[in-house]
Amino acid sequence: MITLTDDLGHLSYVVSGDGPPVVLVHAGVADHRMWDAVVPALAERHTVIRYDLRGFGESAPPAGPFSETDDLRRLVDHLGHERVRLVGASWGGRVAVEFTLTHPERVHSLVLLAPPWPGYHWSADMVAYDEAETAALAAGDLDTAVRVNLDMWLRGPARAWEDVAAGLADRLRGPVRTSLVNQAVVGEYSQGVTARDVSAVAVPTLVGIGRLDVADFRDIARRYAGEIPGATLVEFATAAHLVALDAPAELAAALGTFLAPVGPGGGAVGVTAGDGRSEES
């Protein structure tokens with residue numbers, strides 16, 4: 001990977017393909033590799049930029065206060081792009097929302113895959129997950145903390161492990177471990193996100209959610225789709241929380257349609273994902 005160094009450490013990134021730029025922002029239990037199976041199709045028509053957030057993957061843990069939005073702007077500036085198409089998964093989705101609200105002139109279109117909602121009233125299942133992770137980390141039991149996260153974010157509440165594609169747990173285990181090792185320092189220095197009004201998002205927006213995801217995130221996806229003007233909601237029938245891992249072909253097809261540089265604003269509506277369902281809000 002290529003590194004972009006600053007006073008706080010460095011960001012690692014990789015660029016593939018050629019065409020209108022697309023930036024992929026990974027989930028908080030993953031790194032840039034979560035997009036591996038989606039990139040080849042996207043790179044046929046786009047310059048695809050993937051990077052690791054600070055403290056994830058190959059990007060160094062922060063040495064002081066930082067903003068994920070500022071980091072993304074710095075990377076886009078460094079690469080010389082005036083406007084980009086943004087695709088964010090889970091925590092990366094909320095980073096993408098913040099960037100769009102802060103720098104609306106820099107965003108062509110927006111894709112949000114199971115993003116969180118600041119201040120959301122989490123269910124008992126989500127609270128139990130958080131308590132289990134916290135207890136494992138407090139006990140110094142990193143293996144258990146990794147397992148708790150794989151159970152929640154990869155397997156999900158609606159299927160057994162034998163229903164998860166072979167090899168996915170092994171692929172995600174390392175990135176999850178790295179995120180947990182660096183969780184405290186990232187949490188200490190990250191300026192986080194704010195509960196800003198998403199109705200101010202004024203670019204074509206696609207919201208994606210797995211039908212096998214936690215109920216909280218299915219509800220949140222509907223909220224984003226309902227509050228962002230003109231947003232389209234797409235459900236991925238075979239996916240849990242990490243759509244790019246569970247349904248890469250379906251996601252690549254949906255992105256290929258939505259991100260296509262057609263019309264004055266780009267971003268088609270009415271895309272479908274396999275036997276999933278698409279709704280335009």
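The paragraphs below lead through two helices, a buried arginine and the largest pocket of this predicted model.

A good place to begin is helix α2, which runs over residues 68-78. Glu-68, Thr-69, Asp-71, Leu-72, Leu-75 and Val-76 are the residues of this helix that are buried. Seen down the axis of α2, these buried residues fall within an arc of 160 degrees, so they line one face of the helix. The elements that cover them include the strands β1 (2-6), β2 (9-16), β3 (21-25), β4 (47-51) and β5, together with the helix α3. At the start of α2, a side-chain oxygen of Ser-67 reaches to within 3.2 Å of the backbone nitrogen of Thr-69, while just after the helix Gly-80 takes a positive phi of about 80 degrees.

One of the buried residues of α2, Asp-71, leads on to Arg-54, since the side chains of Arg-54 and Asp-71 make a polar contact of 2.7 Å. Arg-54 lies in the loop between β4 and α2, and its side chain is also joined to that of Asp-6 by a polar contact of 2.4 Å. Is Arg-54 buried or exposed? Its relative accessibility is 2%, and because buried means under 20%, Arg-54 counts as buried. When neighbours within four places in sequence are left aside, the residues in contact with Arg-54 include Leu-8, Gly-9, His-10, Phe-66, Arg-74 and Val-186.

Further along the chain, helix α10 takes up residues 248-258, and here Leu-251, Ala-252, Ala-254, Leu-255 and Phe-258 are buried. Seen down the axis of α10, the buried residues fall within an arc of 165 degrees, so they too line one face of their helix. Their cover includes the helices α1 (39-43) and α9 (243-246), as well as the strands β5 (84-89), β6 (107-113), β7 (205-210) and β8 (232-236).

From these covered faces we can turn to open space. Rolling a probe the size of a water molecule over the atoms shows where empty space is left. The largest pocket has a volume of about 910 Å³, and it is lined by 33 residues, of which Gly-28, Trp-91, Pro-116, Tyr-129 and Gln-183 lie nearest its centre. Two or more lining residues come from each of the helices α3 (91-102), α4 (124-138), α5 (142-155), α6 (168-181) and α7 (183-189), and α4 gives the most, with 5 residues. By kind of residue, the lining divides into 18 nonpolar, 11 polar and 4 charged.

Definitions and conventions. Residues are numbered from 1 along each chain as its sequence is written. This is a predicted model: local features need pLDDT of at least 70, side-chain atom pairs count only at pLDDT 80 or more; totals for chains, interfaces and linings use all residues. Side-chain values use heavy atoms; hydrogens and water are left out. Buried means under 20% relative accessible area, exposed over 50%, partly exposed in between (1.4 Å probe, protein chains only). Helices (H or I, at least four residues) and strands (E, at least two) are DSSP runs, numbered from the N terminus. The arc is that of the directions from the helix axis to the C-beta atoms. Contact means heavy atoms within 4.5 Å. On a 1 Å grid over the protein atoms alone, a cavity is a set of points where a 1.4 Å probe fits but cannot get out, and a pocket is an open set with protein on both sides within 12 Å along at least five of seven lines; lining residues have an atom within 4 Å of a point. Grid points are joined across faces, edges and corners, and a volume is the space filled by probe spheres set on the points. Ala, Val, Leu, Ile, Met, Phe, Trp, Tyr, Cys and Pro count as nonpolar, Asp, Glu, Lys and Arg as charged, and the others, Gly among them, as polar. A polar contact is a pair of N or O atoms within 3.5 Å; within protein, one must be able to donate a hydrogen and the other to accept it, and residues adjacent in sequence count only if both atoms are side-chain atoms.
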